[in-house]
Amino acid sequence: MRASQLLLPTVKEDPAGAEAISHKLMVRAGLVRQLAAGIYVYLPAGWRVMQKIAAIIRGEMDGIGCQEMLMPVINPAEIWQQSGRWDAIGGELFRFKDRKGADMALAMTHEEVITWLAAREVHSYKQLPQLWYHIQTKERDEARPKSGVLRTREFIMKDSYSLDVSYEALQESYAKHIAAYDRIYARCGVEAMMVEGDSGMMGGSVSHEYMAYADAGEDEIVFCRACGYAANVEMAVAGADREPPQSESQAAAGAGAAVDLTVDEVRSTPGAKTIDQVVEFLGLPARAFMKALVVTVEDGAEGRQVMVLLRGDHELSELKLRKALGAEFRLATADEVLAAQGIAPGYVGPEPTTLPVYADEVLRRGHYVAGANKADHHRTGVSLAMVPQATFCDLRKARAGDPCPQCAADLDGARVIEVGNIFQLGTKYSEPMGATFLDVDGKEQPIVMGSYGIGLARIAAAAIEQHHDGNGIVWPPSIAPFEAHLVLVRASDEVQAALAEQLYAELAAAGLDVLFDDRDMSPGIKFKDADLLGCPAQIVVGKRAPEGVVELKDRASGERRDVPVAELALALGELLGRG
Ligand code: ATP
Ligand code: MG
């Protein structure tokens, strides 16, 4: 491809409001353009990256015997009604009516179509197992599209589905996918870790998420270098606290005057409503406090309130609370708190309360400062021995430094992007949608299913998050838009131009993806563009062209060396890891 003809609109400025480095670099390098919130155009170089990722995924899926097909984006509402998701899913599902007034949906995933198909085409155990996949557009009306292509409303996913006769057989299909996914991320140059996913409110089903390290990640995981345990902070079992429960000695170690936490005393804390404010006011560490949240449980027409207690320095895992309550919940409004507890938010505490109390495990022991249920006052000496109705459970987010729940070593933490998700669906779709088969005994059984997704754009963006420098992208060779960027320093120099043309033809003939910067522009602009676009090898045809020598630059290491043309193919092979 000649740069003079390629639509590669590089720009100096970061897009307005962009925070994620992958977002900034994809726009600046001329890979994508935003058409509307969460809706993107892939420009030629960006699309090449997506195609290379697709090819790697396709190879690995074919490799485990998964059959490629194509399912439509437009779905009749009927199949979504049969699975129950027409009602269960909210605004994320794009819905519309066709000209005849029939309800339709834009597929956000394809379990429904797969199950519809299986119900028609699979009849006997003899046809199973089946592995089916497609690489197709998904539509999701995300509440908050953000971070460039990381969270968009239209995106391309590889989704595959396994159909098996039993849960044991499903384990095999699942294991094949795990092996394929490990290879996909490795081949794409993305470091990803498999963590246990949320198995859903009612438990039972198994799922795993693939998390790629990235500062722009919306998720946080904890992981153990000693035993390999890894989980989302929302999910990870928060181990027992390493430090002893709060006592007067710890309290005295706070910044302010010593406070005996075991003494039951109401103290004036005017205006100090948040943990940060009381920490500052009393000069005690956050872990000396017990914070009380009042939440409204959304399990019936009339919401009921529940008090949730966490230590001052801990954060609530919404997922764990949802599981403990067995229902959705939301933070209670100020009016609800007032009605339920007789005091406005800010000074709420468990002593006294008539509300059901859910307390985090670490609060079983120790004395704390809590809201005094009186405006502008907190109370010391509060222990949950005073609150007989308290139910203790693991409610806090795990964090780095916590003991590993498997081996007790220190956990590490990282921000991550979810790049893939695999799920043992079981009979969740096959039962309501009537996808059954006749088993060896001629008995009708529901097909046992699995589903497996990978977002192509998230792989591209995660690769950039993990591989870039101050000058631009540093693509892993396998998914770079071009393997080599051939830069003709002076287009007006006949010798240089002739050598560059010759190399372009030769390298292309040798099967290399080459971008030839033949533009009549200043060398400085060309070098900047080459670094920004980040192809792994840069071949610079300049001053030493008359001797038949070019400069080869390794984008990743920045290393440059002069190479005689005759040795270029070999040197390139080494640089690209093909050698
Ligand atoms: P998230 O929790 O980030 O919203 P999800 O769990 O809803 O994602 P899945 O339904 O598991 O996503 O989809 C499978 C894969 O598709 C994800 O692992 C991710 O790689 C990709 N994906 C999901 N939503 C988006 C999106 N809005 N934009 C880009 N890629 C996405
Ligand atoms: Mg997911």
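Biologist: In which hand does α2 pass α11?

Modeller: This is a predicted model, and in it the crossing of α2 past α11 is right-handed. The axes of the two helices lie 9 Å apart and meet at an angle of about 110°. Angles of 65 to 115 degrees count as roughly perpendicular, and α2 and α11 are therefore roughly perpendicular to each other.

Biologist: Which residues make the contact between α2 and α11?

Modeller: From α2 come V49, M50, I53, A54 and I57, and from α11 come L456, A457, I459 and A460. Sorted by class, the contact of α2 with α11 holds nine nonpolar residues, no polar ones and no charged ones.

Biologist: How should one read the spacing of residues along a helix that packs in this way?

Modeller: The general idea is that an α-helix has 3.6 residues a turn, so residues three or four places apart point the same way. In the present case, V49, I53 and I57 are among the residues that α2 brings to α11.

Biologist: How many residues of helix α11 are buried?

Modeller: A residue counts as buried when its relative accessible area is under 20%. Helix α11 spans residues 456–466, and ten of its eleven residues are buried, which leaves the helix mostly covered. The buried set includes the contact residues L456, A457, I459 and A460. R458 and E465 are also in the buried set.

Biologist: At what angle do the axes of α2 and α6 cross?

Modeller: Helix α2 covers residues 44–63 and helix α6 covers residues 167–187; their axes come within 9 Å and cross at roughly 155°. An angle over 145 degrees counts as roughly antiparallel, and α2 is accordingly roughly antiparallel to α6. The crossing of α2 and α6 is right-handed.

Biologist: Which residues of α2 and α6 meet?

Modeller: On the α2 side they are I56, I57, E60 and M61, and on the α6 side H177, A180, Y181, R183, I184 and R187. By class, the contact of α2 with α6 divides into six nonpolar, one polar and three charged residues. I57 of α2 takes part in the contact with α6 and also in the contact with α11.

Biologist: Let us turn to the metal site. Which protein atoms are donors to the magnesium ion?

Modeller: The magnesium ion, ligand 2, has as protein donors E418 through OE and N421 through OD1, at 2.2 to 2.3 Å. E418 is partly exposed, with a relative accessible area of 23%, and N421 is partly exposed at 25%.

Biologist: How does one recognise a cis peptide bond?

Modeller: The angle to inspect is omega. The bond joining L128 and P129 is cis, with omega about 0°, and P129 is in the loop between α5 and β7. The bond from E351 to P352 is also cis, with omega near 0°; P352 is in the loop between α10 and β17.

Biologist: Which residues in the loop between β18 and β19 have a positive phi?

Modeller: N373 has a positive phi of about 60° although it is not a glycine, and its place is in the loop between β18 and β19. D376 is found in that loop as well, and D376 too has a positive phi of about 60° without being a glycine. Their exposure can be read next: N373 is buried at 17% relative accessibility, whereas D376 is partly exposed at 32%.

Biologist: Is S383 buried or exposed?

Modeller: S383 is buried, with a relative accessible area of 10%. This serine lies in the loop between β19 and β20. Apart from its neighbours within four places in sequence, S383 is in contact with G366 and H367.

Biologist: Where is D276, and is it buried or exposed?

Modeller: D276 is in helix α8, residues 275–282, and counts as exposed at 62% relative accessibility. D276 and D313 are 37 residues apart in sequence, and their C-alpha atoms are 9.7 Å apart in space.

Biologist: Which residues of helix α14 are buried, and what covers them?

Modeller: In α14, residues 568–575, the buried residues include L568, A571, L572 and G573. Among the elements that cover them are the helix α12 and the strands β27, β29, β30 and β31. Just after α14, G577 takes a positive phi of about 75°.

Terms used. Residues are numbered from 1 along each chain as its sequence is written. Chains are lettered from A and ligands numbered from 1 in the order in which they are written. This is a predicted model: local features need pLDDT of at least 70, side-chain atom pairs count only at pLDDT 80 or more; totals for chains, interfaces and linings use all residues. Side-chain values use heavy atoms; hydrogens and water are left out. Donors are N, O and S atoms within 2.8 Å of the metal (3.2 Å for Na, K and Ca); water is not among the atoms, so sites may look incomplete. Buried means under 20% relative accessible area, exposed over 50%, partly exposed in between (1.4 Å probe, protein chains only). Axes are lines fitted to C-alpha atoms, for helices over the stretch in contact, and angles run from 0 to 180 degrees between N-to-C directions. Helices (H or I, at least four residues) and strands (E, at least two) are DSSP runs, numbered from the N terminus. Angles under 35 degrees count as roughly parallel, over 145 as roughly antiparallel, 65 to 115 as roughly perpendicular and the rest as oblique. A crossing is left-handed if the near helix is turned anticlockwise from the far one by less than a right angle, and right-handed if clockwise. Contact means heavy atoms within 4.5 Å. Ala, Val, Leu, Ile, Met, Phe, Trp, Tyr, Cys and Pro count as nonpolar, Asp, Glu, Lys and Arg as charged, and the others, Gly among them, as polar.
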